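Colleague: Please take one part of this model and look at it closely, starting from a single residue and its contacts and then working outwards. I would like one connected account, with the cut-offs stated where they matter.

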Amino acid sequence: MNGSKWFMASRRLIVTLVLILMTTFLLWLGISNIHFEPYGNILLAFQADDQRLFNLMDVSSGEVSPIPAGGEPRLPKNAHQFSSSGDGKRLAFAGATEGNVNKIYVANTDGSNVLAISSGPRDSDPQMSPDGTTIIFVRSSNYFSALFSVDVPSGQETQLTDFTNDLEPAWSPDGQRIVFTTSRDGFQELYTMSPDGSALQRMTTNELQNDLHAAYSPDGQWIAYMSNYSVGDGTAEIWLMRADGSEQQRLTENDVDDLYPIWSPDSQKIAFTRVHADHHGSDITVYTLAGRKQLQLTHVPEYAYDPQWSPDSRWLAYVEDLPSKHERSLHLIRVDGSEGRLLATDPDLHIGWGIRWLR
């Protein structure tokens with residue numbers, strides 16, 4: 001190849017590379033500026049009358065649909081504390097029958113096939129396994145509590161632990177472990193076990209403080225929890241540890257209470273409720289693991305609580321409660337604190353009994 005041909009070929013190659021780089025940049029610019037709107041349905045637990053206790057809100061339209069649509073069959077009184085299967089098609093919840101007998105129920109997300117699945121009389125906090133086949137719940141008796149499981153297809157109950165104040169069960173994403181809190185060894189500590197109650201493992205050994213409200217990250221690598229000192233100022237903080245109990249570390253440290261960590265679906269962030277210094281309000285804060293950054297998303301005069309992640313981890317839904325005005329409303333906000341928007345407000349709907357953004 002002579003010099004002229006070599007020069008022309010090199011020039012064409014340079015032009016081609018420049019065009020590829022420009023195209024790549026423009027594509028990246030376009031993708032980075034896509035305006036991702038929230039989507040899906042938020043399950044609301046409130047009681048408008050004796051027939052309708054659950055409702056679905058379409059996030060895009062704001063339309064609220066009662067569950068079940070026709071108001072029948074009647075759901076149990078005071079239905080609350082609900083969880084869903086991994087595919088979002090089945091629900092487990094607690095409810096009271098006549099005579100104030102508290103049982104665990106299952107139903108389809110549309111409110112059909114409602115079935116009492118536990119025997120009671122004081123059952124609560126049902127947690128459905130990711131595959132929807134097993135429910136772990138708390139049974140109370142004589143001021144003590146134990147963990148039970150129930151096989152959804154057969155209705156067979158199994159007692160997993162003794163009545164040693166075992167509370168707050170939560171499933172690992174693969175359904176192989178359950179983390180819970182117990183005071184069997186003094187202060188509330190975290191333990192894990194297999195779904196059949198075997199392979200018990202103590203995770204925390206913190207003296208003078210209670211470890212509570214643990215949750216596995218969706219990728220199964222971590223457990224977030226809150227630790228509340230039983231002496232001194234009683235400040236609650238957010239902690240983190242590996243799923244095997246190693247690398248225990250405090251994420252927050254201040255003079256106010258940080259409560260109820262909730263993982264983002266991508267396992268990159270943790271939302272929690274931070275109580276105001278005067279204890280007369282709260283706001284939503286997000287902790288980003290990469291860079292160890294905290295961002296307060298809300299700035300309300302009274303209470304913001306119950307943050308729930310969108311399936312794409314870009315938005316949070318939360319409840320804003322203004323007791324001074326007798327108002328309780330449902331809001332959305334981006335995880336960078338922008339584009340806060342009101343979804344619903346109705347003092348007769350009692351929003352705040354529980355919300356879940358269905359996957």
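Modeller: I start with Thr288, which, once residues up to four places away in sequence are set aside, touches Gln268, Lys269 and Lys293, contact being taken as heavy atoms within 4.5 Å. The model is a predicted one, in which local features need pLDDT of at least 70 and side-chain atom pairs count only at pLDDT 80 or more, while totals for chains, interfaces and linings use all residues. Residues are numbered from 1 along each chain as its sequence is written, and side-chain values use heavy atoms, with hydrogens and water left out.

Thr288 belongs to strand β22, residues 282-288; helices (H or I, at least four residues) and strands (E, at least two) are DSSP runs, numbered from the N terminus. With a relative accessible area of 19%, Thr288 is buried, where buried means under 20% relative accessible area, exposed over 50%, and partly exposed in between, using a 1.4 Å probe and protein chains only.

One of its contacts, Lys269, leads to strand β21, which covers residues 269-275. This strand runs antiparallel to β20 (residues 258-263), and four bridges join the two; strands are said to pair if DSSP finds at least two bridges between them. Within this pair, Asp258 has Arg274 of β21 as its bridge partner. β20 and β21 form a hairpin with five residues between them, and in the turn Ser267 has a positive phi of about 65°.

From the hairpin the view opens onto the largest nonpolar core, which has 16 residues; such a core is a set of buried Ala, Val, Leu, Ile, Met, Phe, Trp, Tyr and Cys residues joined through side-chain atoms within 4.5 Å. Met226, Leu240, Leu251, Trp263, Ile270 and Leu289 touch the most other members of this core. Two or more residues come from each of β16 (209-216), β17 (222-229), β18 (236-242), β20 and β21. Ile270, leaving aside neighbours within four places in sequence, is in contact with Ala224, Leu240, Leu251, Pro261, Ile262, Trp263, Thr285, Val286, Tyr287, Leu289 and Trp309. Apart from this core lies another, of 13 residues, among them Met57, Trp315, Ala317 and Leu343.

Met57 points the way to a second region. Strand β2, residues 54-58, is joined to β3 by four bridges and runs antiparallel to it, with Leu56 standing opposite Ser65 in β3. Both strands belong to an open sheet of four, in the order β3-β2-β1-β28 with antiparallel pairing. β3 (64-67) and β28 (355-357) are its edges, and because each has a single partner strand, one side of each is left without a neighbour in the sheet.

Another open sheet of four strands has the order β12-β13-β14-β15, again with antiparallel pairing. Here β12 (166-171) and β15 (201-202) stand at the edges with a single partner strand each, so that one side of each lacks a neighbour in the sheet. The antiparallel pairing of β14 (residues 189-193) with β15 spans two bridges, and Tyr191 lies opposite Arg202 in β15. In the loop between β13 (178-182) and β14 sits Phe187, which is partly exposed at a relative accessible area of 31%. Its C-alpha atom is separated by 9.9 Å from that of Tyr229, although the two residues are 42 apart along the chain.

A further loop, between β4 (77-84) and β5 (90-96), holds Gly86, which counts as partly exposed at 49% relative accessibility. The C-alpha atoms of Gly86 and Asp131 are 6.1 Å apart, with their positions 45 residues apart along the chain.

Some backbone details complete the account. Gly120 and Pro121 are joined by a cis peptide bond, with omega at about 5°, and Pro121 is placed in the loop between β7 (115-116) and β8 (123-128). In β8 itself lies Asp125, which has a positive phi of about 50° although it is not a glycine and which counts as buried at 18% relative accessibility. Ser313, likewise not a glycine, has a positive phi of about 65°; it is found in the loop between β24 (303-309) and β25 (315-322) and is buried, with a relative accessible area of 7%.
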